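Please look through the sequence and the model shown here, and keep both at hand while reading.

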Amino acid sequence: LRRSRPNSMNKYGTVLEEMDLTAVISDFQRQVLLPLSRLLFPGVGDELDSSHAFVVRYGCGADLDLAPHRDDAEVTFNVALSARSTGCELVFCGRMQDGDVHQHRLSHSFPGAGWAVLHLG
């Protein structure tokens, strides 16, 4: 089974397409994410023509956090999959073109498994 890192920042993750989940991901994108994106982000979320779906394991002996970055996507869907994922926090900062880009602007805490956030990439 081929397994590559999902990105250059995470060491403990798996690309879902490499696990033969392309059809499931495509269906979820078309049936769930696309209608929500069109409603919440008109113009930007009107067309979702590709995906890069992956899971990452955070915790002791795995990735502990993720450095500030910009997602290379129209929209991003983050979901907590583990019941032990309490205390997870998604932090939104400034725009990349602003001088104070890494100044904390807004954060969202995931109370547990099943909680999700859909945001602009």
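The paragraphs that follow go from the whole chain to its helix, its core, its surface and a few single residues.

This is a predicted model, in which local features need pLDDT of at least 70 and side-chain atom pairs count only at pLDDT 80 or more, while totals for chains, interfaces and linings use all residues. Residues are numbered from 1 along each chain as its sequence is written, and side-chain values use heavy atoms, with hydrogens and water left out.

The secondary structure of the protein chain consists of 1 helix and 6 strands, where helices (H or I, at least four residues) and strands (E, at least two) are DSSP runs numbered from the N terminus. Read from the N terminus, the order of these elements is β-α-β-β-β-β-β. The protein chain has 121 residues, of which 26% are buried; here buried means under 20% relative accessible area, exposed means over 50%, and partly exposed lies in between, as computed with a 1.4 Å probe on protein chains only. About 8600 Å² of the protein chain is exposed, and carbon and sulfur atoms supply 56% of that area, with accessible areas taken from the Shrake-Rupley method with a 1.4 Å probe and, for residues, only the protein chains shown counting as cover. Of the contacts between residues at least 6 apart in sequence, 60% join residues at least 24 apart, a contact being heavy atoms within 4.5 Å.

Before the helix, D20 is placed in the loop between β1 (13-15) and α1. The phi angle of D20 is near 60°, a positive value in a residue other than glycine, and D20 counts as exposed because its relative accessibility is 71%.

Helix α1 also holds one of the charged pairs. A search of the whole structure finds 2 salt bridges, each being a side-chain nitrogen of Lys or Arg within 4 Å of a carboxyl oxygen of Asp or Glu. In one of them the side chains of D27 and R30 meet at 2.6 Å, N to O; these two residues are 3 apart in helix α1 (residues 22-40), so about one helical turn separates them. D27 is partly exposed at 33% relative accessibility, and R30 is partly exposed at 48%. Another salt bridge joins the side chains of R38 and E47 at 3.7 Å, N to O, with R38 partly exposed at 40% relative accessibility and E47 exposed at 54%. In general, side chains of opposite charge can pair when their charged atoms come close.

What makes up the largest nonpolar core? Its 6 residues are L33, L34, F41, L48, V75 and L118, a nonpolar core being a set of buried Ala, Val, Leu, Ile, Met, Phe, Trp, Tyr and Cys residues joined through side-chain atoms within 4.5 Å. In soluble globular proteins, nonpolar side chains tend to be buried together. Of the core residues, L34 lies in helix α1 and counts as buried because its relative accessibility is 15%. Not counting residues up to four places away in sequence, L34 touches Q29, G45, D46, E47 and L48. L34 and E47 are 13 residues apart in sequence, with their C-alpha atoms 7.2 Å apart in space.

Nonpolar residues also appear on the surface, where F28, V32, L36, L39, L40, V55, F77, V79 and L81 make a nonpolar patch of about 760 Å². Such patches are made of residues with over 30% relative accessible area and no salt bridge, nonpolar side chains (Val, Leu, Ile, Met, Phe, Trp, Tyr) being joined within 5 Å and like charges within 9 Å. The elements that give two or more residues to the nonpolar patch are α1 and β3 (75-79), and α1 gives the most, with 5 residues. L36, placed in helix α1, is partly exposed, with a relative accessible area of 38%.

Strand β3 also holds T76, which is buried, with a relative accessible area of 12%. Leaving aside neighbours within four places in sequence, T76 is in contact with D71, V117, L118, H119 and G121. One of these partners, H119, belongs to strand β6 (residues 116-120) and counts as buried at 10% relative accessibility. With neighbours within four places again left aside, the contacts of H119 include F41, V75, T76 and N78. The side chain of H119 makes a polar contact with the side chain of N78 at 2.9 Å, a polar contact being a pair of N or O atoms within 3.5 Å, where within protein one must be able to donate a hydrogen and the other to accept it, and residues adjacent in sequence count only if both atoms are side-chain atoms.
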